[in-house]
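Student: Please take a close look at a single residue near the start of this chain, and then set it against the rest of the fold. I would like the contacts spelled out.

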Amino acid sequence: QVILETRVDDLLRQLAEAARGRGRLSVNLVVDECCELPGDIKVAFYRIAQEALNNILKHARAEHVELSLVCDGCSYELVIRDDGAGFVPDEGITGQHLGLKGMLERAAAISAQLEIKSSPGEGATIHLSWTILEGENHG
């Protein structure tokens with residue numbers, strides 16, 4: 001309920017602050033002023049960002065994270081990029097990696113595209129994009 005009542009930029013700011021507090025992590029947050037998402041979409045974006053940051057803190061040994069949300073009123077893009085250890089995405093989305101699997105399931109549930117790019121030693125980039133389709137109703 002709190003998520004639904006909080007602006008998306010504030011939610012992402014809270015996640016960035018929490019990540020900074022939990023680890024020696026530099027988090028650069030950039031959010032378009034215009035961004036406000038429908039309720040169910042906001043919850044999915046928040047949960048995916050939360051899981052991505054948790055994964056970075058647990059596994060990536062990263063020092064820097066860039067978290068950005070850009071929008072133009074009908075399409076929204078969340079990008080989370082780290083400079084950590086990286087992994088091979090094809091091998092990473094198995095039963096052992098429930099975080100990535102959950103992120104993909106959340107994206108699918110709102111008809112969003114989730115792309116995970118990474119390679120060992122190169123960090124990782126999570127790119128979530130969602131577009132309002134004409135006639136869609138979200139709450």
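Tutor: Two residues are in contact when heavy atoms of theirs lie within 4.5 Å. With that cut-off, and leaving aside neighbours within four places in sequence, T6 is in contact with L11, Q14, E36 and K42. The model is a predicted one. T6 sits in the loop between helix α1, residues 2-5, and helix α2. Its relative accessibility is 16%, and because buried means under 20%, T6 counts as buried. A polar atom of the T6 side chain lies 2.7 Å from the backbone oxygen of V2.

Two of the residues that T6 touches, L11 and Q14, have numbers that fall within helix α2, which spans residues 8-22. K42, also touched by T6, has a number within helix α3, residues 39-60. Both helices pack against the sheet, so to speak of their setting the sheet comes next.

Five strands form an open sheet of mixed pairing, in the order β1-β2-β3-β5-β4. Its edge strands are β1, residues 26-31, and β4, residues 113-118, each of which pairs on one side only. From one strand to the next, the twist averages 10°. Strand β1 runs parallel to β2, residues 64-71, and six bridges join the two. One bridge partner relation there is that of V27 with V65 in β2. Helix α3 touches β2, β3, β4 and β5, the last being residues 124-131, and its direction makes about 10° with that of β3. Helix α2 lies across β1, β2 and β3, with β3 covering residues 75-82, and runs at about 175° to β1.

The chain as a whole holds five helices and five strands. In sequence order, these follow the pattern α-α-β-α-β-β-α-α-β-β. Of the contacts with a separation of 6 or more, 66% are between residues 24 or more positions apart.

Next comes the interior. Of the 139 residues in the chain, 40% are buried. The largest nonpolar core has 39 residues, and F45, L78 and I80 have the most contacts inside it. Two or more residues of this core come from each of α2, β1, α3, β2, β3, α5 (98-109), β4 and β5. Helix α3 gives the most, with ten residues.

Two of those core residues can be followed in detail. Not counting neighbours within four places in sequence, L78 is in contact with L12, F45, A49, L67, S68, L69, I126, H127 and L128. I80 is in strand β3, and at 1% relative accessibility I80 counts as buried. Outside the residues up to four places away in sequence, I80 touches A49, A52, I56, V65, E66, L67, A124, T125 and I126. V65, touched by I80, is also the bridge partner of V27. C-alpha to C-alpha, I80 and H127 are 6.6 Å apart in space, although 47 residues separate them in sequence.

As for the surface, the accessible area of the chain is about 7800 Å², and carbon and sulfur atoms account for 47% of that.

Conventions
Residues are numbered from 1 along each chain as its sequence is written. This is a predicted model: local features need pLDDT of at least 70, side-chain atom pairs count only at pLDDT 80 or more; totals for chains, interfaces and linings use all residues. Side-chain values use heavy atoms; hydrogens and water are left out. Two strands pair if DSSP finds at least two bridges between them. Helices (H or I, at least four residues) and strands (E, at least two) are DSSP runs, numbered from the N terminus. Axes are lines fitted to C-alpha atoms, for helices over the stretch in contact, and angles run from 0 to 180 degrees between N-to-C directions. Buried means under 20% relative accessible area, exposed over 50%, partly exposed in between (1.4 Å probe, protein chains only). Accessible areas come from the Shrake-Rupley method with a 1.4 Å probe; for residues, only the protein chains shown count as cover. A nonpolar core is a set of buried Ala, Val, Leu, Ile, Met, Phe, Trp, Tyr and Cys residues joined through side-chain atoms within 4.5 Å. A polar contact is a pair of N or O atoms within 3.5 Å; within protein, one must be able to donate a hydrogen and the other to accept it, and residues adjacent in sequence count only if both atoms are side-chain atoms.
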